[in-house]
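Me: I would like to go through this model term by term. For each label, give me the value, the cut-off and the conclusion.

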Amino acid sequence: MQPITAESALVDQLKMAESSTEITFKKETVSKLLSSFFKEEKTKVGADAVLLMAEMLHVFVQEAAQRTIKQAEAEDCDRMDIEHFEKILPQLLLDF
């Protein structure tokens, strides 16, 4: 997988924001993800909890992308790489 340039990532993000279709997480995927951490099989996830968690995941991924772009730009790199993401990850996890 080739690194993405910071500029192209920002342009892509702006295009997504302007488009009417927004990328979302599937409710079934979020529900299975939440359920995988339950200790008892009888525990169920409510529809509101799934929607809330899907929105939180969406915000988390957007924030990670924005911080990674800023990190790459701060290092005067024209491409984002996994190292940029790894540098922002500890603070991102603390913020969430």
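Reply: Start with burial. Buried means under 20% relative accessible area, exposed means over 50%, and partly exposed lies in between. By that rule, buried residues make up 18% of the 96 residues in the protein chain. Keep in mind that this is a predicted model.

Me: What makes up the fold, in helices and strands?
Reply: The chain has four helices and zero strands. From the N terminus the order is α-α-α-α.

Me: How much surface does the protein chain expose, and what do carbon and sulfur atoms supply?
Reply: About 7,800 Å² is exposed. Carbon and sulfur atoms supply 58% of that area.

Me: Why is Thr68 called buried?
Reply: Its relative accessibility is 6%. The cut-off for buried is under 20%. The value falls under it, so Thr68 counts as buried.

Me: Where is Thr68, and which residues does Thr68 touch beyond four places in sequence?
Reply: Thr68 sits in helix α3, residues 47–74. Leaving out residues up to four places away, Thr68 touches Met80, His84, Phe85 and Ile88. Contact here means heavy atoms within 4.5 Å.

Me: What lies 2.7 Å from a polar atom of the Thr68 side chain?
Reply: The backbone oxygen of Ala64 does.

Me: Which residues of α4 are buried, and what covers them?
Reply: His84, Ile88 and Leu92 are the buried ones. Their cover includes α3. Thr68 of α3 touches two of these residues, His84 and Ile88.

Me: How do you know that the length of helix α4 agrees with its number of residues?
Reply: Helix α4 covers residues 82–95, which is 14 residues. The expected span is 1.5 Å times one less than the number of residues. That gives 20 Å for α4. The end C-alpha atoms are 20 Å apart, so the two agree.

Me: Where is the kink in α4, and what is its angle?
Reply: The kink is at Leu89, shortly before the proline Pro90. The angle is about 40°.

Me: Why is Leu51 called partly exposed?
Reply: Leu51 has 47% relative accessibility. Buried needs under 20% and exposed needs over 50%. The value meets neither, so Leu51 counts as partly exposed. Leu51 also belongs to helix α3. Its C-alpha is 9.2 Å from that of Ser31, with the two positions 20 residues apart in sequence numbering.

Me: What makes Glu63 and Arg67 a salt bridge?
Reply: The rule asks for a side-chain nitrogen of Lys or Arg within 4 Å of a carboxyl oxygen of Asp or Glu. The closest N and O atoms of Glu63 and Arg67 are 2.8 Å apart. The pair therefore meets the rule. Both residues lie in helix α3, four residues apart, about one turn of the helix.

Me: How many salt bridges does this rule give?
Reply: The count is three. Another of them joins the side chains of Arg67 and Asp95, at 2.7 Å from N to O. This pair links distant parts of the chain: Arg67 is in helix α3, Asp95 is in helix α4, and they are 28 residues apart. Glu75 and Lys87 also form a salt bridge, with closest N and O atoms 2.7 Å apart. Here, too, distant parts are linked: Glu75 is in the loop between α3 and α4, Lys87 is in helix α4, and the separation is 12 residues. Salt bridges that share partners join Glu63, Arg67 and Asp95 into one network.

Me: Are Glu75 and Lys87 buried, partly exposed or exposed?
Reply: Glu75 has 30% relative accessibility, so Glu75 counts as partly exposed. Lys87 has a relative accessible area of 49% and is partly exposed. The cut-off for exposed is over 50%. Asp95, at 42%, counts as partly exposed.

Me: What is the label for Glu63, and which residues does Glu63 contact beyond four places in sequence?
Reply: Glu63 has a relative accessible area of 25%, so the label is partly exposed. Leaving aside neighbours within four places, Glu63 is in contact with Leu92 and Phe96. Glu63 and Leu92 are 29 residues apart in sequence, yet 8.1 Å apart in space, C-alpha to C-alpha.

Me: What share of contacts with a separation of 6 or more comes from residues 24 or more positions apart?
Reply: Such residues account for 61% of those contacts in the protein chain.

Technical notes. Residues are numbered from 1 along each chain as its sequence is written. This is a predicted model: local features need pLDDT of at least 70, side-chain atom pairs count only at pLDDT 80 or more; totals for chains, interfaces and linings use all residues. Side-chain values use heavy atoms; hydrogens and water are left out. Helices (H or I, at least four residues) and strands (E, at least two) are DSSP runs, numbered from the N terminus. Buried means under 20% relative accessible area, exposed over 50%, partly exposed in between (1.4 Å probe, protein chains only). A polar contact is a pair of N or O atoms within 3.5 Å; within protein, one must be able to donate a hydrogen and the other to accept it, and residues adjacent in sequence count only if both atoms are side-chain atoms. Accessible areas come from the Shrake-Rupley method with a 1.4 Å probe; for residues, only the protein chains shown count as cover. The bend at a residue is the angle between axes fitted to the seven residues ending there and the seven starting there.
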